[in-house]
Amino acid sequence: HITRTLPTNEKGLFEVEGARLEALTREVAFLVDRKGQQALLREGDRVFLGRLSTIDLDKNEARFVLNKGGIVERFELKVDFAGVRQ
């Protein structure tokens, strides 16, 4: 069943779309959203419209499964090393 409109984020869950993945450990993904809010997420933690499904340290990415009104999407964020000073 596909809905025409998405629910609002009434619970204030972290929104991964538009967010940056700042860092990873084997157990935690550190993210910053568009508004500058920070989140530490573990596999299985809820986010707006879904969950963090996998932390892949080898690929430097966090994978999410989002349910957008009946349309299930996989969404990935990678650590951006280009913006990191060395």
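Where does Asn-60 lie? Asn-60 sits in the loop between β5 and β6. This is a predicted model. Two open sheets appear in it, one of three strands and one of four strands. A pocket and two residues with a positive phi complete this briefing.

**The three-strand sheet**

- The strand order is β1-β2-β3, and the pairing is antiparallel.
- β1 (20–24) and β3 (38–41) stand at the edges. Each has a single partner strand, so one side of each lacks a neighbour in the sheet.
- On average, neighbouring strands of this sheet are turned by 25° against each other, direction ignored.
- Strand β2 covers residues 29–32 and is joined to β3 by four bridges. The two strands run antiparallel.
- Phe-30 has Leu-40 in β3 as its bridge partner.

**The four-strand sheet**

- Here the order is β4-β5-β6-β7, again with antiparallel pairing.
- The edges are held by β4 (46–47) and β7 (71–78). Both have a single partner strand, so one side of each is left without a neighbour in the sheet.
- Strand β5 (residues 50–56) pairs with strand β6 (residues 61–68) over six bridges, in the antiparallel sense.
- Arg-51 stands opposite Val-65, which belongs to β6.

**Two residues with positive phi**

- Most residues other than glycine have a negative phi.
- Leu-49 is not a glycine, yet its phi is positive, at about 70°. Leu-49 is placed in the loop between β4 and β5.
- Is Leu-49 buried or exposed? Leu-49 is buried, because its relative accessible area of 16% falls under the 20% limit.
- Asn-60 is not a glycine either, and has a positive phi of about 55°. Its loop joins the account of the second sheet, between β5 and β6.
- Asn-60 counts as partly exposed, with 26% relative accessibility. That value lies between the cut-offs of 20% and 50%.

**The largest pocket**

- Rolling a probe the size of a water molecule over the atoms shows where empty space is left.
- The largest pocket holds about 180 Å³ of space.
- Which residues line the largest pocket? One part of the lining is Asn-9, Gly-12, Leu-13, Phe-14, Glu-15 and Glu-17. Asp-33, Arg-34, Lys-35 and Gln-37 also line the largest pocket.
- By type, the lining has five charged residues, three polar and two nonpolar.

Key. Residues numbered from 1 in each chain as written. Predicted model: local features only at pLDDT ≥ 70, side-chain atom pairs only at ≥ 80, totals over all residues. Heavy atoms only, no water. Pairing = 2+ DSSP bridges. Axes fitted to C-alpha atoms, helices over the stretch in contact; angles between N-to-C directions. 1 Å grid on protein atoms, 1.4 Å probe; cavity = no way out; pocket = protein on both sides within 12 Å on 5 of 7 lines; lining within 4 Å. Points joined across faces, edges and corners; volume = space filled by probe spheres on them. Nonpolar A, V, L, I, M, F, W, Y, C, P; charged D, E, K, R; others polar. Buried < 20%, exposed > 50% of the residue type's maximum accessible area, 1.4 Å probe, protein only.
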